[in-house]
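Here is a short set of exercises to work through with the model open beside you. Try each task on your own before you read its solution.

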Amino acid sequence: MLTFNLRVSQTSVEPSGALGLIETVGNFYTLRLTTSDQAGLWLISINSTQPYTVKVLGQSAFDFLFDFVELSDGPHPSYAVLNSRPAAKSNVTLLVSMVGGDSVRPTEVALVEASSSKSYNGTLKEVALGMFMASINSVPAGEFVVRVAGKNIFSKAPNGLFQRQSSTQLQASNVSITTQADGILVPGKNFTLTFTVATTGSGGVFNIRVSNDRSFIMTNVPSSLTLVRGGSANGTVTLAAPRNTTSGSDVTLTIEAETPGGADSNYAVLRLSVVALVTDITPPVCEVVSVNANCLGDCMLSFWDLSANMTDGNGSGIQSVTIRQGNGSLSTSTVPDRGVNVTQAFYSASCCFPKVELMVVDAVGNVGTCFRSLNVTVSQSTNATSTMTTINNNNGAECCLFLPVFFWLTVGTSLFYQYMQL
């Protein structure tokens, strides 16, 4: 029986009732609500001698996201997302993010047992706008869900209260896995990872499974570890990234541990970055070989070109050649020269764009450049005229030869004039 706000009810034998439509397929019942006002208290009463499951689906603009996190102390306290199942019989911390607006504020975060509806409430602390930290002293032993209750000031309900719970069931584990990376993951080199499997329950031979999402080769992977009751054991795995793995890419490594008989298990997820050791710190060399220019008259009808050779010596190799400044076309080709690859670049542009800068980058990011600027004067349009002044060096020399004659003629005239006055 379904009851709404303790006033209206509908039983399973009513296909179409006051609250909705009921569809039956075997022993599976689906109720679709038809009431316009659905805010309030809903009660579901089931009388059955067989086990059953109830699933309620709703739609709302308000929801929540959560992660189990580990807190770290120190000068700068922080937290890290727990990439495994929470430990049983221990305190846990949840980071809860509200979705749907600033009008929604949680007042309660709890872990609710799926079998008995027993709740384990936590204490709330707001750490950022819309984000809250919930500390809970204990975790249910069996399967549980996360429930968030709070208040929405814009709700149609009289008291504005709301309640949401996680759509999936979770379960704590008596098994824990901790890891410690030795060094960094370098392409072409072995990387060793040490991990520890511990249990707060019974001991025995635990099954171990290790996998990664990049199909990197793994060696020395143990298939099992033997633990005593409440004890722990160490294992190692060696991972090798291929030599051509891109530096900065990631690989996700998953380690699983399962108790004897498979009753309990846990996992640890690590995201490792591949970092290539940089030994090439020298930029590529760019050398201009030739420049051909014919920039007379209209610049739109005149062109010039440049040829350059680019090398990286014993470095990581030239990765790309691009135009950093200029407005022309660029083509490249690579040829071997005495054991070194030479990248030949050919650039062509209109004389209206007399400057060019080519940028050459090697495989690790070192940058080299070529710059050339033409000192030309050209007209910008066929309708415009330009005047070019040319100084002839021979005429300049002849002018200088006449200067002493003019000087003596002037001095002689001046002295003759003074003599006549005497």
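Two residues are in contact when they have heavy atoms within 4.5 Å of each other. The structure is a predicted model, in which local features need pLDDT of at least 70 and side-chain atom pairs count only at pLDDT 80 or more, while totals for chains, interfaces and linings use all residues. Residues are numbered from 1 along each chain as its sequence is written, and side-chain values use heavy atoms, with hydrogens and water left out.

**Exercise 1. Contacts of two residues**

Task: Place V340 and P354 in the fold, and list what V340 touches and what P354 is in contact with.

Solution:
- Step 1. Start with V340, which sits in strand β28; strands here are DSSP runs (E, at least two residues) numbered from the N terminus.
- Step 2. Leaving out residues up to four places away in sequence, V340 touches T311, G313 and V335. The C-alpha atoms of V340 and T311 are 7.5 Å apart, with their places 29 residues apart in sequence.
- Step 3. V340 has a relative accessible area of 25%, so V340 is partly exposed, a class that lies between buried (under 20%) and exposed (over 50%), with a 1.4 Å probe and protein chains only.
- Step 4. Now go to P354, in the loop between β28 (340-350) and β29 (355-362). Neighbours within four places aside, P354 is in contact with W304, R372, S373 and L374.
- Step 5. P354 is also partly exposed, at 24%. From P354 to N375 the C-alpha distance is 7.7 Å, and the two are 21 residues apart in sequence.

**Exercise 2. Salt bridges**

Task: How many salt bridges are there, and which parts of the chain does the pair D264 and R85 link?

Solution:
- Step 1. Apply the rule: a side-chain nitrogen of Lys or Arg within 4 Å of a carboxyl oxygen of Asp or Glu. The count comes to seven salt bridges.
- Step 2. D264 and R85 form one of them, at 3.7 Å from N to O. This pair links distant parts of the chain: D264 is in the loop between β22 (250-258) and β23, R85 is in the loop between β7 (78-81) and β8, and 179 residues separate them. Both D264 and R85 are buried.
- Step 3. Turn to R32 and E23, whose side chains meet at 3.9 Å, N to O. E23 is partly exposed, with 44% relative accessibility.
- Step 4. D337 and R338 also meet in a salt bridge, at 3.5 Å, N to O. Here D337 is partly exposed at 36%, and R338 is exposed at 80%.
- Step 5. Finally, look for a network: salt bridges link R209, E256 and E258.

**Exercise 3. A strand pair and its turn**

Task: In which direction do β22 and β23 run, and which side chains of β23 are buried?

Solution:
- Step 1. Strands pair if DSSP finds at least two bridges between them. Nine bridges join β22 to β23, and these strands run antiparallel.
- Step 2. Find L253, which stands opposite L270 of β23.
- Step 3. Follow the alternation along β23: N266, A268, L270 and L272 point to one face and are buried, whereas S265, Y267, V269, R271 and S273 point to the other and are not.
- Step 4. The hairpin of β22 and β23 has six residues between its strands, and G261 there takes a positive phi near 95°.

**Exercise 4. Positive phi outside glycine**

Task: Where do N220 and R338 lie?

Solution:
- Step 1. N220 has a positive phi of about 60° although it is not a glycine. N220 lies in the loop between β19 (217-219) and β20 (224-227) and is exposed, at 57%.
- Step 2. R338, another residue other than glycine, has a positive phi near 55°. R338 lies in the loop between β27 (328-337) and β28.

Conventions: Helix = DSSP H or I, 4+ residues; strand = E, 2+ residues; numbered from the N terminus.
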